[in-house]
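Here is a friendly walk through this model for someone meeting it for the first time. Keep the structure open beside the text and look up each residue as it comes.

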Amino acid sequence: MVLVAISALLVALSVASSASAAPKGAFAVFAECPLTVSGVESCIYAKTESGEFVVGKQRVPITNPIVLQGGLKENPLTGHETFVAAAKGNTLTKAPQNVPGGLLDLVNCKEISNFIERVACELTFENGVTGVTATTELAAPASSIGLFEGHLLEAEGTALSLPVKVHLENPLLGSECYIGSNAHPIVIEFTTGTTSPPPPNKPITGTPGTLTFTEEGTLLTISKTSLVNNTFAAPEVTGCGGVFSFLIDPIVDGKLGLPASSGHNTAILNGTLKEAAATAVKASE
């Protein structure tokens, strides 16, 4: 019995030790790298520190950092790299950004001509809870993400392809108020080069950033990058206001200028990209 107890204790300690293992030092940011996935050769950690989203008429500045993380594995036959989801599922972290003007700028019940619908709108929305946040969420499997460091550094072509949806959040808008969806994501092809949008947008130019190698060449950092796109289209909202979505969706669309065709939307992500060899990350644990 004593031997059984000791064995059980050793197993428990082993499991606890394994569970607590995490990358350390310069590799600590890769805590969610999917190291246990076969074929993963490198770990990715990209942090957006500033920038903006402009959808139709609404500009939302990025004030809370957004992190894209996971791993890359290469197909030995094609040489194509596939993005692998973060170990704990936080591939694109959910970072709510405040929408300037809040709910009062999105929903104006007085614009509704039908008396009953206007009263229902006022009872639902005009009660002082006016703050609205917009959260960019991943709208497809991680394998749909395209990351091309060569294009990023060369300032040409697509550096990052990201399928997203935008969650508009407010207690009164309900929990399912979105621009875009998993079925119909907003696919944004970011570049560090110069865009070619249709009017009224004008070309904008990103920044490749500065490349450095550390940790004996196993850790690559590209700092001060600016990824841009102002050619994507944005669909109308869905699900805003819960049971009143049939009423509120068109109002929000009118305020935001949705759907908004190519040339009416902009996305800018400023930040830092880190990539490390999976073997080095594992060795740091």
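1. A word on terms before we begin: contact here means heavy atoms within 4.5 Å. With that in hand, look at Ile179, which touches Val55, Lys165, Val166, Leu168, Ile186, Pro235, Glu236, Val237, Leu256 and Leu258, leaving out residues up to four places away in sequence. Please keep in mind throughout that this is a predicted model.

2. Now the overall picture. The protein has 6 helices and 14 strands. It counts 285 residues, of which 44% are buried. Among contacts between residues at least 6 apart in sequence, 73% join residues at least 24 apart. The accessible surface comes to about 14000 Å², and 59% of that belongs to carbon and sulfur atoms.

3. Which residues touch the most other members of the largest nonpolar core? They are Val107, Leu168, Ile179 and Ile248, in a core of 55 residues. At least two residues of this core come from each of strand 1 (40-55), strand 3 (66-74), helix 2 (102-106), strand 8 (160-169), strand 10 (186-190), strand 12 (219-229), helix 5 (245-256) and strand 14 (266-277). Apart from it lies another core, of 13 residues, which includes Phe27, Tyr45, Val84 and Ala278.

4. Next, the empty space inside. The structure holds 3 cavities of 30 Å³ or more, and the largest cavity has about 230 Å³ of space. Its lining is made of 19 residues, with Ala46, Thr48, Leu160, Leu227 and Leu269 lying nearest the centre. Strand 1, strand 3, strand 8, strand 12 and strand 14 each give two or more residues to the lining of the largest cavity. Strand 14 gives the most, with 5 residues.

5. Ala46 deserves a look of its own. You will find Ala46 in strand 1. Is Ala46 buried or exposed? Ala46 counts as buried, because its relative accessibility is 17% and the cut-off for buried is under 20%. Beyond its neighbours within four places in sequence, Ala46 is in contact with Ile66, Val67, Leu68, Thr272 and Leu273. The C-alpha atoms of Ala46 and Glu275 are separated by 8.4 Å, although their positions lie 229 residues apart along the chain as a sequence separation.

6. Ala139 sits in the loop between strand 6 (133-138) and strand 7 (146-147). Ala139 is buried, with a relative accessible area of 3%. Setting aside neighbours within four places in sequence, the contacts of Ala139 are Pro163, Val164, Lys165, Ser181, Asn182 and Pro185. One of these, Val164, is 25 residues from Ala139 in sequence and 4.6 Å away in space, C-alpha to C-alpha.

7. Two threonines are worth finding next. Thr91 is in the loop between strand 4 (81-84) and strand 5 (97-98), and it is buried at a relative accessible area of 4%. A polar atom of the Thr91 side chain lies 3.1 Å from the backbone nitrogen of Ala86. Not counting neighbours within four places in sequence, Thr91 is in contact with residues including Val67, Phe83, Leu138 and Ile145. Thr135 belongs to strand 6 and counts as buried at 1% relative accessibility. The side chain of Thr135 makes a polar contact of 2.9 Å with the side chain of Glu169. Among the contacts of Thr135, again without neighbours within four places, are Lys94, Pro96, Val166 and His167.

8. Finally, some backbone details to check. Most residues other than glycine have a negative phi, and most peptide bonds are trans. Which peptide bond has omega near 10°? That is the bond from Pro199 to Pro200, and it is cis; Pro200 lies in the loop between strand 10 and strand 11 (210-214). The bond from Leu258 to Pro259 is also cis, with omega near -5°, and Pro259 is in the loop between helix 5 and strand 14.

9. Positive phi values also turn up. Glu216, not a glycine, has a positive phi of about 55°. Glu216 is found in the loop between strand 11 and strand 12 and is exposed, with a relative accessible area of 83%. Lys224 has a phi near 55°, lies in strand 12 and is exposed at 68% relative accessible area.

Definitions and conventions
Residues numbered from 1 in each chain as written. Predicted model: local features only at pLDDT ≥ 70, side-chain atom pairs only at ≥ 80, totals over all residues. Heavy atoms only, no water. Helix = DSSP H or I, 4+ residues; strand = E, 2+ residues; numbered from the N terminus. Buried < 20%, exposed > 50% of the residue type's maximum accessible area, 1.4 Å probe, protein only. Areas by Shrake-Rupley, 256 points an atom, 1.4 Å probe, with all protein chains shown as cover. Core = buried A, V, L, I, M, F, W, Y, C linked by side-chain atoms within 4.5 Å. Polar contact = N/O pair within 3.5 Å; in protein donor to acceptor, adjacent residues only side chain to side chain. 1 Å grid on protein atoms, 1.4 Å probe; cavity = no way out; pocket = protein on both sides within 12 Å on 5 of 7 lines; lining within 4 Å. Points joined across faces, edges and corners; volume = space filled by probe spheres on them.
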